[in-house]
Amino acid sequence: MFRVGIIGGGLTGLTAAYRLAKKGFPVAVFEEAGEPGGLASSIDLGAVSLERFYHHIFTSDQHLLDLCNELGLGDLLEWHEPKNAIYIENRLYPFTSPMDLLRFSPISLASRVRTGLLTLTSRYIRDYMPLESQTARDWLIKRAGKDSYHKIWEPLLVSKFDRDADLVSATWIWNKFKLRGASRAKDISREMLGYMKGGFARLIERLVEEVFRAGGAIRTSCRISGISRLGDGRLALAGCPEEEAFDRVLFTGSPQQLAALDSPLPADYRESLAALKAKGNICMILELDRSLSPYYWITVAQRDIPFVLVIEHTNLVGLEGYGSHIVYLSRYAHHQDDLFLKSDREIEAIFMDGLSKIFPGFSREWVKRTSLTRVLYAQPVITRHYSKQVPPLKTPLDGLFLASMAQIYPEDRGMNYAVRLGLEASDEIMGNL
Ligand SMILES: Cc1cc2nc3c(=O)[nH]c(=O)nc-3n(C[C@H](O)[C@H](O)[C@H](O)COP(=O)(O)OP(=O)(O)OC[C@H]3O[C@@H](n4cnc5c(N)ncnc54)[C@H](O)[C@@H]3O)c2cc1C
């Protein structure tokens, strides 16, 4: 059997490793961080684990659901009905049901009706190709009106995509509407979101166990710095700490990270990877002695607030096992944004000031503990005509494959698609052998 080296121990890399190891291929996973899981990694809170970045799943996440069932974890998945809100014009507005939208006074009644129709009918659009040539901005203005765009969608696009907001394709926002619509399939007034009891760390741990059980290896705190071709045709991975050779290599980090590796990949291919755009994320977890609001998900549509989301995890899943009310504050930013240059303490102070603006009664004395995680590649920027930019699984270097979040299209990145991509990549590698 051929040896396969997998760079990146996130959900894509672990799923591919699991599939390949189960088929009898010797695999070794190399992960730069101290633990596996990537963007879906967790911190330990004692009785439960908590994702460093907030995570839930949708009822339509079939690839992930199938994997959980295959691993015997299906019974741990629980479904909850979230309460959502928007913070705009210094006020919180409930924003869960179609009735909430109809009552949403910051925009005119006509705009509310147009916005509602757009979000409801988007899931029936099957052919997204006509959307590919339009920006989200133009499409939203045309379909929901300027009022709705400037009050709701523009602040959201800016908060997620920063200086690239105007470049985002209509396909991206269409897909978001479609996904949220699918999670209301049975009753449009009720959305259901899934969470794994004890945390999605259970899934990561089980994949790791299965890889080990099948004879695979997972090396953490191992950053691969280069890929080279050996005389016998195999690919050597450098930097971890000794060079290891493989018949096939799968890279699961971002395309920009692959472009930056020392490798014999052709210059024009590397340039095309480096040209793809992505956003980083800064996410702060607060363990509080009390709840902030009844809402799970608060979208902050106001630019004077330094984060875009307030997510009260325990309002979705309940308090059992947590010992505190868990709140995430999340901000997407370009990796050269000034915020990335600041220390954790400075960011925490900025975020807590922002929280006091939304909840004037908020006191730092409520905070039992905080943790902050930042990552440079958190969200690909899906620009117009993205289907022409998506890199294929096979790279121009024979034996080297790429499976990254940036290849998930027209859907947006997520654990379900990481599983799908990991399976597709392992099939491609096995087919190729
Ligand atoms: C803020 C936020 C919220 C999210 N919320 C949700 C949600 O609610 N639901 C959902 O389904 N999904 C959510 N996601 C998305 C989900 O976490 C990702 O889609 C998924 O985890 C991606 O897995 P991956 O393996 O493709 O990538 P990653 O998790 O990024 O894994 C790639 C790994 O490669 C490693 N790596 C890169 N280069 C090297 C190298 N040279 N050597 C060694 N290792 C290397 C990295 O350290 C990383 O661990 C969220 C993501 C973020 C950022």
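**Close-up views of a predicted model**

**View 1. The ligand and its shell.** In this predicted model, 30 residues surround the ligand, and the closest are Thr12, Glu31, Leu39, His55 and His56. Sorted by class, that shell has 15 nonpolar, eleven polar and four charged residues. Helix 1 (11-22) and helix 15 (415-432) each chip in with at least two shell residues. Where does the ligand sit relative to domain 1 and domain 3? Domain 1 (4-55 + 200-276 + 383-432) and domain 3 (279-380) both give residues to the shell, so the ligand lies between them.

**View 2. Polar contacts with the ligand.** Zoom in on Glu31: an N or O atom in its side chain is 2.6 Å from an oxygen atom of the ligand. At Leu39, it's a polar backbone atom that takes part, 2.8 Å from an oxygen atom of the ligand. Tyr54 also uses its backbone, with an N or O atom 2.9 Å from a nitrogen atom of the ligand. How much of the ligand's accessible area does the protein cover? On its own the ligand has 1000 Å² of accessible area, and the protein covers 92% of that.

**View 3. A salt bridge between two helices.** Side chains of opposite charge can pair when their charged atoms come close. Here the side chains of Asp427 and Arg19 do just that, forming a salt bridge with an N to O distance of 3.1 Å. Asp427 is in helix 15 and Arg19 is in helix 1, so to speak a long-distance link: the two residues are 408 residues apart in the chain. The structure holds 26 salt bridges.

**View 4. A nonpolar patch on the surface.** Met99, Leu102, Leu109, Val113 and Leu117 make a nonpolar surface patch of about 440 Å². Helix 3 (98-102) and helix 4 (109-121) each supply at least two of the patch residues. Which helix gives the most? That's helix 4, with three residues. Leu117 is a good place to start looking, as a residue of helix 4.

**View 5. Two spots with unusual backbone geometry.** Most residues other than glycine have a negative phi, and most peptide bonds are trans. Asp162 goes the other way: it isn't a glycine, yet it has a positive phi of about 60°. You'll find Asp162 in the loop between helix 7 (146-161) and helix 8 (170-182). The other spot is the peptide bond from Tyr409 to Pro410, which is cis, with omega near 10°. Pro410 belongs to the loop between strand 20 (400-402) and helix 15.

Technical notes. Residues numbered from 1 in each chain as written. Predicted model: local features only at pLDDT ≥ 70, side-chain atom pairs only at ≥ 80, totals over all residues. Heavy atoms only, no water. Near = heavy atom within 4 Å. Polar contact = N/O pair within 3.5 Å; in protein donor to acceptor, adjacent residues only side chain to side chain. Areas by Shrake-Rupley, 256 points an atom, 1.4 Å probe, with all protein chains shown as cover. Helix = DSSP H or I, 4+ residues; strand = E, 2+ residues; numbered from the N terminus. Nonpolar A, V, L, I, M, F, W, Y, C, P; charged D, E, K, R; others polar. Domains from an automatic or database assignment. Patch = residues over 30% accessible without salt bridge, like charges linked within 9 Å, V, L, I, M, F, W, Y side chains within 5 Å. Salt bridge = Lys/Arg side-chain N within 4 Å of Asp/Glu carboxyl O.
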